[in-house]
Amino acid sequence: MFETERDVLAWYESQPRALTKEFLDDFKWKEIDNYELNKAFIPVLIYMRDVESFTQVYYDELLRTPTGKDPVIRRFMDRWSEEENQHGELLNRFLLEAGVATTEKWEEEARQQIPIRYTMESRLTCWVTNLFGRHFTGTHMAWGAINEMTTLQGYRRLWKLAEHPILEELLRAVAQEEALHSRFYWSIAQLKLKDSNLSQRIARKVIDQFWAPVGTGTKPPKDVDYLIKTLFSGEEGVEHFDRTVNKRAEQLPGFDNFTTTTDRVKSILQSSLQELGESENAPVKV
Ligand SMILES: [Fe+2]
Ligand SMILES: [Fe+2]
């Protein structure tokens, strides 16, 4: 547990990157194709690649709020946004080496697909955020912690399920950086929330009401559902999510009896199951 936000930043900055130049130079890119990649995971990799690259959009949004003007957070965000962007590029390289055709302009194309509704909503959020001023920073940090933990666990589930050794090697390194991001967000959220009942109430209300898996809004709902269904299906998947994401968020000040993120994952899985059931039971047309 850290005492001050500066301590969190000092710890973060003392952590070396996992994706060093040496790691990437020695990486077995040419061996990727030696192993089979189950096609079911390709849309998941594309989703993750795109959402990593959208960090820049989120970063620009945050800069327009009091959170982005907080000197400790601002300093973290500069390194964080670069790392996320690189994660996107590495996932794209993996896809290319695995024989999945992606264009040179994938990033631009993915960004063009972001619905205008998202842009409008994010402007509105920005406006609301500014009304609450610095009391909203705890919400941003708690939300960010949940997103980083979800991303980290998403990568863990992906390498476990895909059983592709080179993908695992890449994702393990990416996940090390996600673990640092998670700890930074979580620790700052903890400090921001612990001294302010108002910040706690805002954070809890906003997250209970609006939380959805990372990427929601920028990606179509069917893609979000596919991702959750592929990575967290079954009792084991839900238990993994609950233990490694929801239960950790529950430890934040003001988050007692928090079940929102697990509930949301369960409801996505439930609705996918229903759809599946409906299509299986559908009368066969001849
Ligand atoms: Fe990332
Ligand atoms: Fe991250």
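How many helices and how many strands does the secondary structure of the protein come to? The protein has 14 helices and zero strands. The legends below belong to a predicted model.

**Figure 1. Overall view of the protein, with its elements running α-α-α-α-α-α-α-α-α-α-α-α-α-α from the N terminus on.** The radius of gyration is 19 Å, close to the 19 Å that the globule rule gives for 286 residues, so the protein is as compact as a globular protein of that length. The C-alpha trace spans about 60 × 55 × 35 Å along its principal axes. Of the 286 residues, 37% are buried. Among contacts between residues at least 6 apart in sequence, 81% join residues at least 24 apart.

**Figure 2. Close-up of helix α9 (residues 137-162) packed with helix α10 (residues 165-194).** The axes of α9 and α10 are 8 Å apart, and the angle between the two helices is about 160 degrees. That angle makes α9 roughly antiparallel to α10, since angles over 145 degrees count as roughly antiparallel. The crossing in which α9 passes α10 is left-handed. By class, 19 nonpolar, six polar and six charged residues make up the contact of α9 with α10.

**Figure 3. Close-up of glutamate 163, in the loop between α9 and α10.** Phi of glutamate 163 is near 50 degrees, which is a positive value in a residue other than glycine. Is glutamate 163 buried, exposed or partly exposed? Glutamate 163 has 13 other C-beta atoms within 10 Å and is partly exposed. A residue is buried if 20 or more other C-beta atoms lie within 10 Å of its own, and exposed if 12 or fewer do, so a count in between is partly exposed.

**Figure 4. Close-up of the contact between α9 and α13.** The axes of these two helices, α9 and α13, come within 9 Å and cross at roughly 150 degrees. The helices α9 and α13 are therefore roughly antiparallel to each other. In this pair, α9 passes α13 in a right-handed crossing. On the α9 side the contact is made by Ala142, Ala145, Ile146, Met149, Thr150, Gln153 and Arg157. On the α13 side it is made by Gly237, His240, Phe241, Thr244, Val245, Arg248 and Ala249. Sorted by class, the contact of α9 with α13 has seven nonpolar, five polar and two charged residues.

**Figure 5. Close-up of asparagine 257, in the loop between α13 (234-249) and α14 (260-281).** Asparagine 257 has a phi near 55 degrees, a positive value in a residue other than glycine. With 5 other C-beta atoms within 10 Å, asparagine 257 is exposed.

**Figure 6. Close-up of α3 and helix α12 (residues 221-232), whose axes come within 10 Å.** The axes of α3 and α12 cross at roughly 120 degrees. That makes α3 oblique to α12. The crossing in which α3 passes α12 is left-handed. Which residues of α3 meet which residues of α12? Pro43, Val44 and Tyr47 in α3 meet Asp223, Tyr226, Leu227, Thr230 and Leu231 in α12. By class, the contact of α3 with α12 has six nonpolar residues, one polar and one charged.

**Figure 7. Close-up of leucine 45, in helix α3 (residues 42-53).** Leucine 45 is buried, and 20 other C-beta atoms lie within 10 Å. Leaving aside neighbours within four places in sequence, leucine 45 is in contact with Leu91, Phe94 and Leu95. The C-alpha atoms of leucine 45 and glycine 88 are 9.4 Å apart in space, while the two residues are 43 residues apart in sequence.

**Figure 8. Close-up of methionine 77, in helix α6 (residues 71-97).** Methionine 77 has 20 C-beta neighbours inside 10 Å and counts as buried. Where neighbours within four places in sequence are left aside, the contacts of methionine 77 are with Tyr59 and Leu62. Methionine 77 and tyrosine 59 are 18 residues apart along the chain, and their C-alpha atoms are separated by 7.4 Å.

Conventions: Residues numbered from 1 in each chain as written. Chains lettered and ligands numbered in written order. Predicted model: local features only at pLDDT ≥ 70, side-chain atom pairs only at ≥ 80, totals over all residues. Axes fitted to C-alpha atoms, helices over the stretch in contact; angles between N-to-C directions. Helix = DSSP H or I, 4+ residues; strand = E, 2+ residues; numbered from the N terminus. Parallel < 35°, antiparallel > 145°, perpendicular 65-115°, else oblique. Left-handed = near helix turned anticlockwise from the far one by under 90°. Nonpolar A, V, L, I, M, F, W, Y, C, P; charged D, E, K, R; others polar. Rg over C-alpha atoms; globule rule 2.2 N^0.38 Å. Contact = placed C-beta atoms within 7 Å.
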